[in-house]
Amino acid sequence: MLKSKLISRAVSTVASLAMVFTSIPSITVMDNAVAADKTMTAFEITKNMKVGWNLGNTLDAKASNKQGDLESAGLETETAWGCPKATQELFDALKAKGFNTVRVPTTWFQHLDADNNIDPEWMARVKEVVDYGIKNDMYIILNVHHENWINRSDFASAYNEMQPKLMKIWTQIATEFKDYDQHLIFECMNEPRAVGTEHEWWASAAVPECDVINDLEHDFVDLIRGMDGPYAKTRLLMLPGYCASAETQFLEAIDVPDDDFVAVSVHAYSPYDFTMNAAVEDHSVFTGTKYSQQLSDILAGIRQTFIEKDIPVVIGEMGTSNFGNTEARVDWTTQYFTTTKKYGIPCCLWDNNTVENPKDPGECHGYINRSTYEWYEGSAPVINKMMEIMSDDTIVWGSEGKAPEYKHQDLSEGTVFRDEAIEIDASKSKTYENTTPGQEITWAELEGKEVAIKYTGTTPVLAFSDAEYGNWTELKPYSIDEENGIAYYLVSQQLPAAWSDLSTVNHMQARTDKVTNIEKMVILDAPEVEIEVEVDKTKKYKIDFANAQADDNLVLTFEGEPGTLTNGCVGYNADGWEQVEWAGTTGTDGKLVIEIKRSLFPADLKSAECQIWYNPELVDMVEYNFAAEGVATQTTTETTATTSDTETTTTTAEITGSTPISVTVIGDANLDGKCTVSDAVAILQHIANRDKYELKPQGLANADVDGEAGVTANDALFIQKVDAHAASLPA
């Protein structure tokens, strides 16, 4: 549990787990050492790439033992994760099916000497695999992948250590392939991130690592452009943001270089609960409000952030694990590829050659048998649907790359709401400096109107709340004038879709996910248009604190689909909005009980509001009450109460009556600063003999990694799977 003094919160789906893939372009190639007749633009390359496939778990595989990854290894790493060696026949089968791009994820660190020189045998093998595609007139993406020296907990402070090594590796790669034409694409990194931190995969705002990534990628672009070779200036370079996330706060943090031949690299296994989350029991339905809107929002965010600004995008990793739900996966594929084709975004399917994995069903991304070159029966319909959409001439590539243009009233003709310039900063949320000051507004002043915000920096969101700063609701702009720096919010349509009783609207203010300079906020007459409104699905419930005793726990009971991850807060107004955040997963009986210490709230608090942020369509709060400590549950840490045939997850707000312990390094049970198989041993020893092998409270907090409440043998098993590269640590 985290208590935070925030004016708002941002919730989103985990972008992706520790898989790796990026998209690859494709058109007609003449010869790998001969220039094409014409220099293609970046958008021509991405259009010609069409649809791509990832050679996953092959050249990106690493050799390891019980102590972890080896420092040095040879050509045997290609088959270390169970995939056969890549062959020309495999690339021929891909081409015959309709794939025009192959991404070749490649790990280099085990093939370097002490001076970071690449093993000539490894470089030769990489070149051989690249040539399999080049010979077939395919686009090939080559990258730097699964590098332990990049993905590290101290990423934010490691630029000086990482930069020389990254540049030396790319100098050698670029030199080796300097005569390859525009069909060969370089991707700077894979999913750069701060491994083992609480924000490894997601955060509500941009993190410091984003700036380091920008610096490294600007250096990368400068390096390639400054090298010799006929294609040094025109080779397409792919640049991922933090963990290659598709989340808006990370997309907007990317500082795209002023270069005509760069594309943003994004990974989007979206929505995650449908595509990969094994904790969700039912993956049989995709269509409808359950997942379709989430996918629509994510893809629209990518378009708005880059395509509309004339910056090409490649979705380098995407796909759905095979949960035995072929029909639903085809429905997902239909929306995904229809939308991305209209937006002009090529996609590369992740394939790890895994058809069945009972221990980790979220990682079944096998499509083609790499020995027989036949398509697996359970996934062939998904592939066929992809190719059907790409061949459908009625779905025009890039036809909806630009959002509709709207005619807006001039700012001088509207009613000024705020005319005082102010900088707002997401890092200053605890002092409310992530928003403009709350100013009073009524629905009568907003009906039939839109709001314009003139700004520089990160695009703001427009927020509304009631008189007590409750019912916090955020709207994204439906139109942005990039040239003049004005964001427009069609309040007359957007707010009614998110607010049940418009008479209670009382405050309006702007919020940022990073840093924004707000120059002016103006209320304008709304244009006569109809837009597709993104609905805030947050569920909100009033809680009466009048009869709560000082020593009571607030007990919240939720019900929903078994195995549903969810989170939210209990918020209240105390000189601004404050909130106590909670999170949990429903048990096998569909129930989740959250206990929060009464002492975390002001003694004189009369009322509060419980909000469900994540998966609100799958979970409801069915009741709340106040109970003496220990009445609802006899535990003081995250526990699981089990009956003969059901499992209700119960989570308390504090550990041993103090501030909750935050995870420092995920999986680090023995507190040595990293997650290895030794942590699995420490967990098993603790379970077997707690008196002799007691884990410290911090170790217990770090050790709970398997997605289920409480530290059990399953956590040890999960860490062993991570060590064997058969699973990935959670966010």
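Two strands count as paired here if DSSP finds at least two bridges between them, and strands themselves are DSSP runs (E, at least two residues) numbered from the N terminus. The model is a predicted one, so local features need pLDDT of at least 70 and side-chain atom pairs count only at pLDDT 80 or more, while totals for chains, interfaces and linings use all residues. Residues are numbered from 1 along each chain as its sequence is written, and side-chain values use heavy atoms, with hydrogens and water left out.

Start with the barrel. Eight strands close up in the order 2-5-6-7-8-9-10-11, with parallel pairing. From one strand to the next, the twist averages 25°, taking axes as lines fitted to C-alpha atoms and angles from 0 to 180 degrees between N-to-C directions. One pair in this barrel is strand 10 (residues 313-318) with strand 11 (residues 347-349), which run parallel and share two bridges. Here I315 sits opposite C347 of strand 11.

Next comes an open sheet. Its four strands follow the order 14-20-16-17 and pair antiparallel. Strand 14 (439-440) and strand 17 (473-475) are the edges, each pairing on one side only. Strand 14 is held to strand 20 (residues 507-511) by two bridges in the antiparallel sense, and Q439 faces M508 of strand 20. As a general point, strands of a sheet pair through backbone hydrogen bonds, either parallel or antiparallel.

Further along the chain, strand 23 (residues 552-560) has antiparallel partners. Nine bridges link strand 23 to strand 28 (residues 619-628), with V555 matched to N625. Another seven bridges link strand 23 to strand 26 (residues 591-597), again antiparallel, and there N553 is matched to K597. Strand 23 is mostly covered, with seven of its nine residues buried (buried means under 20% relative accessible area, exposed over 50%, partly exposed in between, with a 1.4 Å probe and protein chains only). Q579 belongs to strand 25 (residues 577-585) and is buried too, at a relative accessible area of 1%. Q579 and E609 lie 30 residues apart in sequence, with their C-alpha atoms 9.1 Å apart in space.

What about the cysteines? With a disulfide taken as a pair of cysteine sulfur atoms within 2.5 Å, the count comes to zero. For C243, the closest cysteine sulfur is that of C210, and at 8.4 Å this is too far for a bond. C243 is buried, at 0% relative accessible area, whereas C675 is partly exposed at 22%.

Finally, the empty space. A cavity is a set of points on a 1 Å grid over the protein atoms alone where a 1.4 Å probe fits but cannot get out. Grid points are joined across faces, edges and corners, and a volume is the space filled by probe spheres set on the points. On these terms, the whole structure holds three cavities of 30 Å³ or more, the largest having a volume of about 60 Å³. Lining residues, those with an atom within 4 Å of a point, are A174, K178, F186, I224, M227, D228, G229, Y231, A232 and R235 for the largest cavity. By class, that lining has six nonpolar, one polar and three charged residues; Ala, Val, Leu, Ile, Met, Phe, Trp, Tyr, Cys and Pro count as nonpolar, Asp, Glu, Lys and Arg as charged, and the others, Gly among them, as polar.

Terms used
1 Å grid on protein atoms, 1.4 Å probe; cavity = no way out; pocket = protein on both sides within 12 Å on 5 of 7 lines; lining within 4 Å.
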